[in-house]
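Below are some notes on this model, set out as numbered points. Please read them alongside the coordinates.

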Amino acid sequence: GKLNEPFQHGEASMEDYLKKTTLSPWVPMPDSVARKMLDMAHANENDVHVDMGSGDGRVNFHAVDWFRVKKSTGIDIDESIVQVARERRAKRHPKPDNLEFVVADLLDVHNPAWESVQEASVITMYFAEEALRVFRPILETKLTGHQCKILTCGYEVPGWQSNVEEVVLGTRIHLYEWGSTASQADQDDSMFLGDEILNQSPESLFRNQLESNK
């Protein structure tokens, strides 16, 4: 299931691709970093794993192959890269029935793909800081009352305090114990924005975040 050639986006131009992947275009993650993220989470056969912005699915494959998770779901907005992940899965024999890849825009807070995120015990992400800033209030709303481990690669979630940090190949990994007694939302009620976030369109949410950073 390995890649035979560099990924080529399916859009008419790079400009079109960047419009689709507004917050954080896909950048391949080194395999050692992917495995370290899951190792930090102590992922195992009892875990349900979701990779937000899954790209070619490499974190998902590591979750299934190395850590034997119960289920792993990759979610990405770009149909072309999701197709690459699905083709990698199709080359497996037998095909793993606990591995799936979904095309979805997670900025759409009503997208059914969020149901998978809400069921996960381990969530991994490789987003730029601006994307994490936008996703933060959505995650805080969607994961209310839920307990899981959230791991980010390269960047920390603005306003959150990670429980553990590790550096692999110069890349910093942050682990957040969500829903535990040390939960960031429990520490600071001002971080939780409530259901009003669900009434905003993705476009207005992104615009408001940019305006607040000026």
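The points below cover one helix, one helix pair and the cysteines.

1. The model is predicted, not experimental. Every value quoted here should be read with that in mind.

2. Helix H6 runs over residues 129-142, 14 residues in total. From its first C-alpha to its last it spans 20 Å, close to the 20 Å expected at 1.5 Å a residue.

3. H6 nevertheless has a kink of about 35 degrees, located at phenylalanine 135. Proline 137 follows shortly after phenylalanine 135. Both Phe135 and Pro137 are among the buried residues of H6.

4. H6 is mostly covered, with 11 of its 14 residues buried. The buried set includes aliphatic side chains, among them Leu132, Val134, Ile138 and Leu139. Arg136, Glu140 and Lys142 are also in the buried set, and so is Thr141.

5. How do helices H2 and H3 cross? Helix H2 covers residues 31-40 and helix H3 residues 58-65. Their axes come within 9 Å and cross at roughly 55 degrees. H2 is therefore oblique to H3, because an angle between 35 and 65 degrees falls in the oblique class. The crossing of H2 and H3 is right-handed.

6. A search of the whole structure for disulfides finds zero. Cysteine 148 has a relative accessible area of 4% and cysteine 153 has 1%. Both cysteine 148 and cysteine 153 count as buried, because the cut-off for buried is under 20% relative accessible area.

How values were computed
Residues numbered from 1 in each chain as written. Predicted model: local features only at pLDDT ≥ 70, side-chain atom pairs only at ≥ 80, totals over all residues. Heavy atoms only, no water. Helix = DSSP H or I, 4+ residues; strand = E, 2+ residues; numbered from the N terminus. Expected span 1.5 Å × (residues − 1). Bend = angle between axes of the 7 residues up to and from the residue. Buried < 20%, exposed > 50% of the residue type's maximum accessible area, 1.4 Å probe, protein only. Disulfide = S-S within 2.5 Å. Axes fitted to C-alpha atoms, helices over the stretch in contact; angles between N-to-C directions. Parallel < 35°, antiparallel > 145°, perpendicular 65-115°, else oblique. Left-handed = near helix turned anticlockwise from the far one by under 90°.
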